[in-house]
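Let's take a walk through this one together, from the overall fold down to a few individual residues. Have the viewer open and follow along.

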Amino acid sequence: MLIPFFYLLRDGGMKPSITELLTLLEAMKKGVAGQSVDDFYYLSRACLVKDESKLDLFDRIFAAYFEGVEDSLSDLMTDVPEEWLRHQAELFLSEEERARIEAMGGFEELMKALQERLDEQDERHEGGNKWIGTAGTSPFGAYGYNPEGVRIGQQGSRNRSAVKVWDRREYRNLDDSVELGTRNVKIALRRLRKFAREGAADQLDLEDTIDKTARNAGLLDIRMVPERHNAVKVLLCLDIGGSMDDHVRVCEELFSASRSEFKHLEYFYFHNFIYESLWKDNRRRHAEKISTLDITHKYGADYKLVFVGDATMSPYEIVYAGGSVEHWNDEPGAVWIKRLLNTYPKAIWLNPEPRNRWDYTPSVKLTRDIMDDRMYPLTIAGLDEGIKALH
Amino acid sequence: MADSRFNGTSTYVATDDLTMAVNAAVTLERPILVKGEPGTGKTQLAIEVAESLGKPLFEWHIKSTTKAQQGLFEYDAVARLRDSQLGDDRVHDISNYIVRGKIWEAFESDVQPVLLIDEVDKADIEFPNDLLQELDRMEFYVYETQKLIKATHRPIIVITSNNEKELPDAFLRRCFFHYIKFPEQETMERIVDVHFPNLKKDLLSEALNAFYKVRDVPGLKKKPSTSELLDWIRLLLAEDIPPEVLRAEGARKAIPPLYGALLKNEQDVHLFEQLVFLDRRAGSSQ
């Protein structure tokens, strides 16, 4: 019982354990859930999901499984943003159709009408999709190109009241694959705190020494412990200018808020790629440059190096002398970044672009090669991976 | 079983999913982990569960220095050392120096108790791991006296977390989980209703509108939560502010009276005032 569902969850990227499945079955046997589907949904969620960032994924898998649309699982992983759908829909509309939509009261109204029509249709006959798809004169015809578009409103199905609950997808903004938002930044910061508190050094544990001495009836028993290490040093190099500007703001927020957690945190800016100099104040970037060599001499190898940039540029900017778009560089960027990496073995590159777009940009691939694949997306999950790599 | 079900109380509104999670935990006698925004009533849940099921409540509040052992028992070695120096007879029996913790107390309760482990994420990262066996088998071993302490009745354990640290998988696997999301307007009306039953309908809806508007202001550092809303309404009632004031302010000036109860952060108040100012200017130029 429920075993296919269990495996579907596992295939979908969640990690429910056998104990949790058994707990769910036990709870059902004891009649916790009663008969309704809603109850079962709540119960299985309480048993199987232990992380609010996974709630949205669970909702999607639950919906897919219990509507018998298992083949739609393939697109579970590719979450299509609504903005994009909207663009797509607009793209396919002819002038005339657009005018008709305006007449109906705009996009919102249209989507509402679409949903109403879908619901209505389910009550009348089975082959519902066809109706929308081929009705050439219907204002919804245009959306036929984009099957996802029709689904924004979600299919009304037979057990409507139940579907509503998980189809609302209230936990969407807790999903950890979305980009860092203000709420998410907070959680990410906590992850940094965790990483800032580790490390080792020997010191005298006074309390334990007293305790053990007392237990030892007064004979001195010295205890040593590893230090609670709150002394992570970070060199942060931010790509600045152009498309990076809004991402940089997020990163600065992220790191400055966690500043108290680090013993030292130094910012530097670069444009597109690392060359012989970096700067600290972007407004005076041409006047106040800091030599990259000086940085490697000034900050010791125990610093952790974090690059933040989209690594999207012409490959020349990385591999050729004189490739920089801003100035004449005597040595290629690749040489400079390798110098930095030699000094700071603990280094990662955070990329605000989504991971699935990396393969389309040769410069990203180049950068990844130079970084030994230590490039992570600037999402909670990516940050998590990156922090692990920094250890 | 009918009487041992939790359905919210006269002072606590529990949504269907929360009720389900709590009842699963009560029936299966497993811990329930509750997460959610601050001020959504996580800690209150344990208190209300205890009250509605008529069970005694043990509260264990976790701080950053709390050790798992402190919940079980502590061996007061220093007191024993002192007694031995003074030649006190008590020193010969080690059990005189075993101080019982909250978990031990809950395990020894005559009726099934509710045990609240509050803000488990405040403690050291290893803290939850140190309690696995105790929460699973509901027993632990006291080495000093070589005694096994076993729960007479498996307590209903409510654990709250503010998400400051990630909890280990092994720990999570042993719990039911519920994330209290911020209540929707409808649920919020019920919540306010149980706290202020005689609140005028129009004042409530105006207050809620103003409240959700404040919550929607972008860039607030700390969004007002349920507990702030309740405080604010209490103030509105005390000052006897008529609903029209809220509405009038909402339309033109947009700054709700006594908003100090809603916004706790100086920067937020400042931001809010600025936005209102801009809004007002835009309004007057139209």
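A helix here is a DSSP run of H or I at least four residues long, and helices are numbered from the N terminus. Keep in mind that this is a predicted model.

With that in hand, go to Leu132(B), which sits in helix 7 of chain B, the stretch covering residues 132-137. Is Leu132(B) buried, exposed or partly exposed? Count the other C-beta atoms within 10 Å and you get 15, so Leu132(B) is partly exposed; being called buried would take 20 or more, and being called exposed 12 or fewer. Which residues does Leu132(B) touch, once those up to four places away in sequence are left out? They are Ala170(B), Phe171(B) and Arg174(B). In the same part of the sequence, have a look at Arg173(B): 41 residues separate it from Leu132(B) along the chain, and their C-alpha atoms are 10.0 Å apart.

Staying in chain B, move on to Gln146(B). This residue is in the loop between strand 6 (139-142) and strand 7 (147-150). Its phi is positive, about 55°, even though Gln146(B) is not a glycine. Gln146(B) is exposed, because just 8 other C-beta atoms lie within 10 Å and the cut-off for exposed is 12 or fewer.

Chain A has a residue with a positive phi too: Asp372(A), not a glycine either, has a value near 55°. You'll find Asp372(A) in the loop that runs between helix 17 (362-370) and strand 9 (375-377) of chain A. Since 10 other C-beta atoms are within 10 Å, Asp372(A) counts as exposed.

Now zoom out to chain A as a whole. Its secondary structure adds up to 18 helices and 9 strands. Chain A has 391 residues, and 30% of them count as buried. Taking the contacts in chain A with a separation of 6 or more, 67% are between residues 24 or more positions apart.

Finally, the place where the two chains meet. How many residues does each chain bring to the contact? Chain A gives 26 and chain B gives 25. On the chain A side, helix 2 (18-29), helix 3 (37-48), helix 11 (182-196) and helix 12 (206-215) each put in at least two residues. Helix 3 of chain A makes the largest contribution to that side, with 6 residues. By type, the chain A residues that touch chain B split into 12 charged, 10 nonpolar and 4 polar.

Key
Residues numbered from 1 in each chain as written. Chains lettered and ligands numbered in written order. Predicted model: local features only at pLDDT ≥ 70, side-chain atom pairs only at ≥ 80, totals over all residues. Contact = placed C-beta atoms within 7 Å. Nonpolar A, V, L, I, M, F, W, Y, C, P; charged D, E, K, R; others polar.
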